[in-house]
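Hi,

Here is the structure I promised to pass on. Have a look at it first, and then read on for what turned up.

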Amino acid sequence: MSKKDEYFAMMESQIKKWDAEVDKLRAKSDQASAEARAKFSEQLKAMRASRDAATKQLQEMRASSEAAWQHMQAGVDAAWASMKNALDKASSQFKK
């Protein structure tokens, strides 16, 4: 397996884990106050936008040449960091 394939598989796995974590948060938000649910809904929109951006970049990466994907890696990593930060922020609110 090439480094590109390994990276792609790792990122797909992380996105699946992220989706599962969002589902857990959504279940917790159902038990929260209306204000907390509204705030989570806004955060969820931001998280989905970050996830969609990362997924799009992964698809572009998959179609790229072996040499070109390394240049695209930084963009995917940045999208992943944004997604993770949004998830961490939402998670911290439900731990309070």
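Starting at the N terminus, the elements of the protein chain run α-α-α. That makes three helices and zero strands. Please keep in mind that this is a predicted model. The mean pLDDT of the protein chain is 82, and 97% of the residues reach 70 or more. Among the elements, helix α1 (residues 3-30) has the highest mean pLDDT, at 85, while helix α3 (residues 66-94) has the lowest, at 79. Helix α2 covers residues 34-63.

Now for the overall picture. Along the principal axes, the C-alpha atoms fill a box of roughly 50 × 20 × 20 Å. The protein chain has 96 residues, and 30% of them count as buried. About 6,100 Å² of the chain is exposed, with carbon and sulfur atoms supplying 53% of that area. If you look at contacts with a separation of 6 or more, 75% of them come from residues 24 or more positions apart. As for charges, there are 18 positive and 14 negative ones, and their mean positions are 5 Å apart.

Next, the inside. The largest nonpolar core has 21 residues, and the ones touching the most other members are W18, M47 and L58. Helices α1, α2 and α3 each give two or more residues to this core. Its largest share, eight residues, comes from α3.

What does L58 touch, once residues up to four places away in sequence are not counted? The list is F8, M11, E12, I15 and V76. I'd click on L58 early, since it is also one of the three core residues that touch the most other members.

L87 is another good place to stop, and you'll find it in helix α3. This residue counts as buried because its relative accessible area is 9%, and the cut-off for buried is under 20%. Leaving aside neighbours within four places in sequence, L87 is in contact with W18, E21, V22, L25 and M47. Two of those names, W18 and M47, came up above among the residues touching the most other core members. L87 and K39 are 48 residues apart in sequence, and their C-alpha atoms are 13 Å apart in space.

Over in helix α2 there is S50. Is S50 buried or exposed? With a relative accessibility of 13%, S50 counts as buried. Outside the four places on either side in sequence, its contacts are A79, S82 and M83.

K45 also lies in helix α2, but its surroundings read differently: K45 counts as exposed because its relative accessibility is 53%, and exposed means over 50%. The C-alpha atoms of K45 and A86 are separated by 10.0 Å, with their positions 41 residues apart along the chain.

Finally, K84 has its place in helix α3. At 40% relative accessibility, K84 counts as partly exposed, so it falls in between the buried and exposed classes. K84 and R51 are 33 residues apart along the chain, and their C-alpha atoms are separated by 9.3 Å.

If you only have a minute, go to the core with W18, M47 and L58, then compare buried L87 with exposed K45.

Cheers

Key
Residues numbered from 1 in each chain as written. Predicted model: local features only at pLDDT ≥ 70, side-chain atom pairs only at ≥ 80, totals over all residues. Heavy atoms only, no water. pLDDT = per-residue confidence, 0-100. Helix = DSSP H or I, 4+ residues; strand = E, 2+ residues; numbered from the N terminus. Buried < 20%, exposed > 50% of the residue type's maximum accessible area, 1.4 Å probe, protein only. Contact = heavy atoms within 4.5 Å. Areas by Shrake-Rupley, 256 points an atom, 1.4 Å probe, with all protein chains shown as cover. Lys, Arg positive; Asp, Glu negative; His and termini not counted. Charge placed at Lys NZ, Arg CZ, Asp CG, Glu CD. Core = buried A, V, L, I, M, F, W, Y, C linked by side-chain atoms within 4.5 Å.
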